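Please open the model in a viewer and keep the selection panel at hand. The tour proceeds from the sheet to the helices and ends in a loop.

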Amino acid sequence: MDQQKAKKVRQLRRRRHVRNHVIGSAARPRLTVFRSSKHIYAQLIDDLTGVTLAAASSAKDKAYGGNVKSAKEVGAKLAEAAKSKGIQAAAFDRGHYRYHGRIKALADGAREGGLQF
């Protein structure tokens, strides 16, 4: 198995491991994160109905979002959108990413915005 394929297999295994423990509902949706090299995206998803309840990203601002500062701002924006929909708690789904750097900053920004998880 070449290195690229092996890396993808490891990522999928980590993602499945996290998703087996995190389930979102309307009362406590799943906060999922996607991180690219230039931007970071976050969504609140109700897994029971398959609906995205709120979303925020650094790409909407047309500014560089590949740093900790913008990740924290995205977390705060998501918390604000969640509050407007009446959501106070969420289950954090980090995917295959480590809870470090931009992922941690996004979570901290959401917590500071009033979202509990």
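Two strands are said to pair if DSSP finds at least two bridges between them. The model toured here is predicted.

**The sheet.** Select the four strands E1 to E4 together. They form an open sheet in the order E3-E2-E1-E4, with mixed pairing. E3 and E4 are the edge strands, each pairing on one side only. On average, neighbouring strands of this sheet are turned by 20° against each other, direction ignored.

**E1 and E4.** Next, display the parallel pair: E1 and E4 are joined over 3 bridges. Leu-31 has its bridge partner, Phe-92, in E4.

**Helices on the sheet.** Add H2, which packs on the sheet and touches E1, E2 and E3. The direction of H2 makes about 145° with that of E3. Then add H3, which also packs on the sheet, touching E1, E2 and E4; the direction of H3 makes about 145° with that of E1.

**Inside H3.** Select residues 102-112 and show side chains. Which residues of H3 are buried? They are Arg-102, Ile-103, Ala-105, Leu-106, Ala-107, Gly-109 and Ala-110. These buried residues pack against strand E1 (30-35), strand E2 (40-46), helix H2 (68-84) and strand E4 (91-93). Past the helix, select Gly-114, which follows H3 and has a positive phi, near 110°.

**E2 and its two hairpins.** Return to the sheet and select E2, a mostly covered strand in which 5 of 7 residues are buried. E2 runs antiparallel to E1, and 6 bridges join the two. Arg-35 has Ile-40 of E2 as its bridge partner, and the hairpin from E1 to E2 passes through 4 residues.

On the other side, E2 pairs with E3 (residues 51-57), again in the antiparallel sense, over 6 bridges. Select Asp-46 to find Val-51 of E3 opposite. This hairpin has 4 residues between its strands, and Gly-50 in the turn has a positive phi of about 75°.

**The loop after E3.** Finally, select Ala-63, in the loop between E3 and H2. Is Ala-63 buried, exposed or partly exposed? Ala-63 counts as partly exposed because its relative accessible area is 40%, while buried means under 20% and exposed over 50%. Residues up to four places away in sequence aside, Ala-63 touches His-39 and Ser-58. Lys-38 can be added to this view: Ala-63 and Lys-38 are 25 residues apart in sequence, and their C-alpha atoms are 9.1 Å apart in space.

Note on methods
Residues are numbered from 1 along each chain as its sequence is written. This is a predicted model: local features need pLDDT of at least 70, side-chain atom pairs count only at pLDDT 80 or more; totals for chains, interfaces and linings use all residues. Side-chain values use heavy atoms; hydrogens and water are left out. Buried means under 20% relative accessible area, exposed over 50%, partly exposed in between (1.4 Å probe, protein chains only). Contact means heavy atoms within 4.5 Å. Axes are lines fitted to C-alpha atoms, for helices over the stretch in contact, and angles run from 0 to 180 degrees between N-to-C directions.
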